[in-house]
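Biologist: Before we look at any particular residue, could you show me how to read features of this kind, one at a time?
Modeller: Gladly; let us put the structure in view and begin with the elements.

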Amino acid sequence: MTWETVIGLEIHSQLKTKSKIFSGASTAFGATANTQACAVDLGYPGVLPVLNQEAVKMALSFGLSVNATINKNSIFARKNYFYPDLPKGYQISQFEIPIVGNGVIDISLENGENKLVGITRAHLEEDAGKSIHDMYDEFTAIDLNRAGTPLLEIVSEPDMSSAKEAVAYAKKIHALVQYIDICDGNMQEGSFRCDANVSVRKHGDKLGTRAELKNINSFKFLEKAINLEVERQIDILEEGGSVVQETRLYDSIKNETRSMRSKEEANDYRYFPDPDLLPVAVSEELLLEIKKSLPELPTEKKLRFVEQLGLSSYDAEILTSQKEVADYFEAVINKGADAKLSANWVMGELSAALNKNQVEINDSPIPSNELFVLISRITDNTISGKIAKDVFKLMWEGNGSVDEIIEKQGLKQMTDSSALESIIDDIISNNLDQVKQYKDGNSKLLGFFVGQVMKATQGKANPKQVNQILNEKLS
Amino acid sequence: MSLDNNKVKEIAFLARLSIEDSELEQSTKELNNILGLMDQLGEIDTGGAEPMAHPLEMSQRLRDDQVTEKDLSEEFQEIAPKTGSNHFLVPTVIE
């Protein structure tokens with residue numbers, strides 16, 4: 001019996017404003033508890049929320065980036081529930097008319113194919129404070145610094161049919177919000193949070209009952225949590241049971257999802273329009289201004305890399321999947337380095353070294369201008385590609401710049417063809433057996449001779465030149 | 001539309017209102033009276049009217065994204081029932 005998985009994601013993306021969505025308190029991360037929570041954030045009587053225009057602009061940037069309908073008049077509503085980190089007893093959110101309506105985003109799947117995922121809506125709302133459960137034995141400690149931080153909640157259609165697709169979608173949104181500079185994307189600090197709605201059904205049936213997975217703070221956990229939940233639901237259904245609609249917490253330490261019964265009873269949020277806030281009007285002029293200010297989006301950049309730089313679609317996808325990587329790559333080629341070679345170096349040696357040492361590309365010990373110099377030394381035949389890898393390693397370890405290392409270690413390629421010829425003559429006269437076999441048709445032996453030359457020159461011979469001279473002398 | 005006692009109990013719970021069983025009948029009756037008034041509105045044909053989100057014919061004023069608030073946490077914490085290490089303390093919330 002085959003089951004079909006249906007997944008929709010709700011992504012909470014903290015907007016990078018300086019101040020809160022409805023108050024002038026700072027949103028900076030990491031301040032002493034409660035020092036950035038003002039009377040509005042604390043829900044004191046008599047305060048009035050006033051909307052931050054930057055938050056509105058950021059929401060519109062997102063909407064335009066996913067070709068969404070923009071609602072010219074959106075409405076804030078109160079979502080009512082009681083929890084200590086929500087002092088007002090309601091969260092200001094958008095319900096009936098969100099600022100961003102239907103949109104669509106193109107995701108790349110592992111098999112190289114693309115898939116369109118629908119975006120149902122994206123709405124503005126305020127974040128809640130933080131509850132700390134392990135600070136005191138008999139109390140829960142509340143820090144309201146986060147209360148009132150602007151969030152854009154991005155709701156997808158249930159268009160994903162596997163955990164991998166859900167991750168590809170989440171990564172795409174993650175990259176997009178950083179490209180358009182509305183969110184720092186820091187998942188550890190909670191700036192970018194994913195909830196997954198997961199259900200299963202038999203092929204062609206109507207949608208099954210879904211469970212909502214919360215508390216997922218990495219893409220790896222998103223994949224794990226969804227796969228666990230799919231297994232759990234299939235087990236229940238195959239034993240003749242039925243799935244309960246509920247919220248489940250993902251526990252990354254135990255690698256399980258478990259029911260969060262406390263939230264079930266309070267599922268009726270009794271939304272109503274917030275009388276403190278008027279409808280938000282978006283003018284054509286504002287939309288036009290934002291449209292003009294949007295940077296090149298990942299999909300556009302990818303297309304340009306393929307069409308103008310001649311990169312493969314696969315390479316272009318990898319290079320544009322993170323803004324920082326794309327920026328680094330572009331910095332290298334903008335100085336004049338060969339695009340394909342640069343792509344190989346960024347995705348190859350550099351990525352490997354970054355991964356191995358768990359360093360972000362922005363903190364790379366090899367800045368983009370040094371990688372440019374290194375690649376230029378290959379193309380101008382100063383060093384071979386093989387030697388370049390050694391130089392890269394030495395540079396990574398902090399042994400100086402490309403040119404210093406080449407100079408100090410004497411790594412310059414031999415350009416003197418008469419010197420090379422005499423080395424090759426020696427090798428030929430010392431290996432007459434192999435020369436005979438080669439001439440009798442064992443063409444594979446060319447590699448043996450090239451190897452001998454490289455050994456004799458400590459890798460400093462130009463491989464092209466070696467091949468050329470060997471071909472002449474052995475024919 | 002009319003409410004029964006159970007629905008009123010549920011609404012009271014959601015709004016954290018405590019209603020004694022002895023008051024329940026009375027509360028249900030009063031709420032239903034109010035809903036009766038609402039029902040009168042249903043007699044009007046509103047087919048062509050757009051839903052109103054706010055009685056003022058204005059749109060929301062926006063503010064610049066600037067930090068204007070000072071740290072008043074000491075004053076706020078002074079009037080809180082219980083605090084510790086700059087946090088507000090509340091009875092343990094069980095997840």
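Modeller: Strands are DSSP runs of E of at least two residues, numbered from the N terminus. This is a predicted model, and with that in mind we can place E246(A), which lies in strand 13 of chain A, residues 246–251.

Biologist: Is E246(A) buried or exposed?
Modeller: The cut-off for buried is under 20% relative accessible area. E246(A), at 9% relative accessibility, therefore counts as buried. Its side chain makes a polar contact of 2.6 Å with the side chain of R248(A), and another of 2.7 Å with the side chain of S259(A).

Biologist: Which residues are linked with E246(A) in a network of salt bridges?
Modeller: The network links E229(A), R232(A), E246(A) and R248(A).

Biologist: How many salt bridges does the structure hold over all chains, and how should I read a single one?
Modeller: There are 33 over all chains. A salt bridge requires a side-chain nitrogen of Lys or Arg within 4 Å of a carboxyl oxygen of Asp or Glu. The side chains of K16(A) and D181(A) meet this way, at 2.5 Å from N to O. K16(A) lies in the loop between strand 1 (3–14) and strand 2 (51–52) of chain A, and D181(A) in the loop between helix 2 (163–179) and strand 11 (192–202), so the pair ties together parts that are 165 residues apart in sequence. K16(A) is partly exposed, with a relative accessible area of 40%, and D181(A) is partly exposed at 44%.

Biologist: What is the setting of D127(A), buried or exposed, and which residue does D127(A) form a salt bridge with?
Modeller: D127(A) is buried, with a relative accessible area of 4%, and its salt bridge is with R146(A), the closest N and O atoms being 3.5 Å apart. D127(A) lies in the loop between strand 7 (114–126) and strand 8 (130–132) of chain A, whereas R146(A) lies in the loop between strand 9 (139–143) and strand 10 (150–156), so this pair ties together parts 19 residues apart in sequence. In the salt bridge of D251(A) with R258(A), the closest N and O atoms are 2.9 Å apart; here D251(A) is buried at 13% relative accessibility, while R258(A) is partly exposed at 36%.

Biologist: How many aromatic pairs are there over all chains, and how is the geometry of one of them read?
Modeller: The count comes to 12. Planes over 60 degrees apart count as edge-to-face. The rings of Y81(A) and Y269(A) have centres 5.9 Å apart and planes at 65°, so this pair is edge-to-face. The pair links distant parts of the chain, 188 residues apart, with Y81(A) in the loop between strand 4 (76–80) and strand 5 (90–94) and Y269(A) in the loop between strand 14 (256–259) and strand 15 (272–273) of chain A. Y81(A) is buried at 17% relative accessibility, whereas Y269(A) is partly exposed at 21%. Together with F95(A) and Y271(A), these two tyrosines form one aromatic cluster.

Biologist: Which residue lies over the face of Y269(A)?
Modeller: K79(A) does, at 4.4 Å from the ring centre; likewise, K88(A) lies over the face of Y90(A), at 5.3 Å from the ring centre.

Biologist: What is the mean pLDDT of chain B?
Modeller: The mean is 91, and 98% of the residues of chain B reach 70 or more. Where pLDDT is low, the predicted coordinates should not be read in detail.

Key: Residues are numbered from 1 along each chain as its sequence is written. Chains are lettered from A and ligands numbered from 1 in the order in which they are written. This is a predicted model: local features need pLDDT of at least 70, side-chain atom pairs count only at pLDDT 80 or more; totals for chains, interfaces and linings use all residues. Side-chain values use heavy atoms; hydrogens and water are left out. Helices (H or I, at least four residues) and strands (E, at least two) are DSSP runs, numbered from the N terminus. Buried means under 20% relative accessible area, exposed over 50%, partly exposed in between (1.4 Å probe, protein chains only). pLDDT is the predictor's confidence in each residue, from 0 to 100. A polar contact is a pair of N or O atoms within 3.5 Å; within protein, one must be able to donate a hydrogen and the other to accept it, and residues adjacent in sequence count only if both atoms are side-chain atoms. Rings of Phe, Tyr and Trp (its six-membered ring) pair if their centres lie within 6.5 Å; planes under 30 degrees apart count as stacked, over 60 as edge-to-face and the rest as tilted. A charge sits over a ring if NZ of Lys or CZ of Arg is within 6 Å of the ring centre and within 35 degrees of the ring normal.
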